[in-house]
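Here are some notes to read with the sequence and the structure open side by side. They go from the overall layout to a few individual side chains.

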Amino acid sequence: MKSLLQFQIIGVMVLIAPCTWAEAPDARGPEQVVNYLHDSLIKAMREGEKLGYRGRFDLLAPVVDQTHDLDFIARTTLGANWAQLDAEQQRTFSDIFRKLSIGTYAGWFKGYGGERFEFLERQAMPRDQVMVRSRLVQPSGEVVRFDYILRQGKDGWRIINILADGVSDLALKRVEYRAILQRDGFPTLIDMLKKKIVLTEQG
């Protein structure tokens with residue numbers, strides 16, 4: 001499970017201090033943003049069998065929207081290639097990227113066996129970014145470390161990258177997506193992402 005989480009995130013996480021749910025999303029600090037995501041993932045796991053994939057997707061969709069800067073991540077994933085896409089292609093990629101991001105969470109966090117998330121520390125990063133370090137402790141005692149990189153934008157603090165045991169989800173996507181786009185073209189990239197979404201449903 002550890003290796004699967006490393007490479008399937010992801011993006012493919014519960015802090016100990018509770019979040020104030022009445023707060024507007026943009027009022028949350030970095031720890032509270034990650035805490036909100038973690039709480040929601042644990043909820044999806046606890047109710048996973050009852051909810052099914054679609055129920056978990058619907059539960060996590062607004063959470064991912066409020067905790068991740070998906071537009072920024074999508075643009076960064078493609079780098080300079082983003083500017084070479086027309087407006088419709090950019091919208092298509094962003095939409096598919098969002099569905100895959102949410103679907104990955106819904107596909108992997110589907111069953112609960114006593115797992116818990118623990119906060120480790122918060123670290124300042126270059127360019128006014130912040131790293132929130134945490135870990136997932138599994139019933140067997142096996143631990144997977146999750147480090148979240150967040151930046152503050154007009155909507156507040158948002159996750160822009162996740163590292164599982166030091167492996168950057170953003171870096172993996174950059175290499176894979178850019179190679180497919182440059183070698184095989186935009187339609188092939190979109191088809192590949194759609195196939196990944198189907199795989200998340202099959203779990």
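How many helices and how many strands does the secondary structure of the protein chain come to?

1. Overall layout. The model is predicted, and in it the secondary structure of the protein chain comes to seven helices and five strands. Read from the N terminus, the elements follow the order α-α-α-α-α-β-β-β-β-β-α-α. Of the 203 residues in the protein chain, 50% are buried.

2. Helix α3. Please look carefully at residues 48–67, which form helix α3. A straight helix of 20 residues would span 28 Å, at 1.5 Å a residue, whereas α3 spans only 21 Å between its end C-alpha atoms. In addition, α3 bends by about 80° at Arg 54. The residues on either side of Arg 54 in the sequence, Tyr 53 and Gly 55, are among the buried residues of α3, and others in that list include Phe 57, Leu 60, Val 63 and Val 64. The buried residues of this helix pack against four other helices, namely α2 (30–46), α4 (70–78), α5 (87–108) and α7 (186–202), and also against strand β4 (156–164).

3. The nonpolar cores. The largest nonpolar core holds 50 residues, and within it Phe 93, Tyr 177 and Leu 189 touch the most other members. Helix α2 supplies the largest share of this core, with eight residues. A second core, separate from that one, has five residues, among them Met 131, Ile 149, Ile 160 and Leu 163.

4. Phe 93 and its partners. Which residues is Phe 93 in contact with, leaving aside its neighbours within four places in sequence? They are Ala 74, Leu 78, Trp 82, Tyr 177, Phe 186, Leu 189, Ile 190 and Leu 193. Phe 93 has a relative accessible area of 0% and is therefore buried, and Tyr 177 is likewise buried, at 2%.

5. Aromatic pairs. Across the whole structure, a search finds seven aromatic pairs. In one of them, the ring centres of Phe 93 and Tyr 177 are 6.4 Å apart and the planes lie at 85°, so this pair is edge-to-face. It joins distant parts of the chain, since Phe 93 belongs to helix α5 and Tyr 177 to helix α6 (residues 169–184), with their positions 84 residues apart. In another pair, Phe 117 and Phe 146 have ring centres 6.3 Å apart and planes at 50°, so that pair is tilted. Phe 117 lies in strand β1 (residues 116–124) and Phe 146 in strand β3 (residues 143–153), 29 residues apart, and both Phe 117 and Phe 146 are buried. Finally, Trp 82, Phe 93, Phe 97 and Tyr 177 form one aromatic cluster.

6. Charges over rings. Two arginines deserve a look in the viewer. The charged end of Arg 28 sits over the ring of Tyr 36, 4.1 Å from the ring centre, and Arg 46 lies over the face of Tyr 112, with a distance of 4.2 Å to the ring centre.

7. Leu 100. Is Leu 100, in helix α5, buried or exposed? With a relative accessible area of 5%, Leu 100 is buried. Leaving aside neighbours within four places in sequence, Leu 100 is in contact with Tyr 177, Leu 193, Lys 196, Ile 197 and Thr 200. The C-alpha atoms of Leu 100 and Thr 200 are 7.9 Å apart in space, although the two residues are 100 residues apart in sequence.

Technical notes:
Residues are numbered from 1 along each chain as its sequence is written. This is a predicted model: local features need pLDDT of at least 70, side-chain atom pairs count only at pLDDT 80 or more; totals for chains, interfaces and linings use all residues. Side-chain values use heavy atoms; hydrogens and water are left out. Helices (H or I, at least four residues) and strands (E, at least two) are DSSP runs, numbered from the N terminus. The expected span of a helix is 1.5 Å times one less than its number of residues. The bend at a residue is the angle between axes fitted to the seven residues ending there and the seven starting there. Buried means under 20% relative accessible area, exposed over 50%, partly exposed in between (1.4 Å probe, protein chains only). Contact means heavy atoms within 4.5 Å. A nonpolar core is a set of buried Ala, Val, Leu, Ile, Met, Phe, Trp, Tyr and Cys residues joined through side-chain atoms within 4.5 Å. Rings of Phe, Tyr and Trp (its six-membered ring) pair if their centres lie within 6.5 Å; planes under 30 degrees apart count as stacked, over 60 as edge-to-face and the rest as tilted. A charge sits over a ring if NZ of Lys or CZ of Arg is within 6 Å of the ring centre and within 35 degrees of the ring normal.
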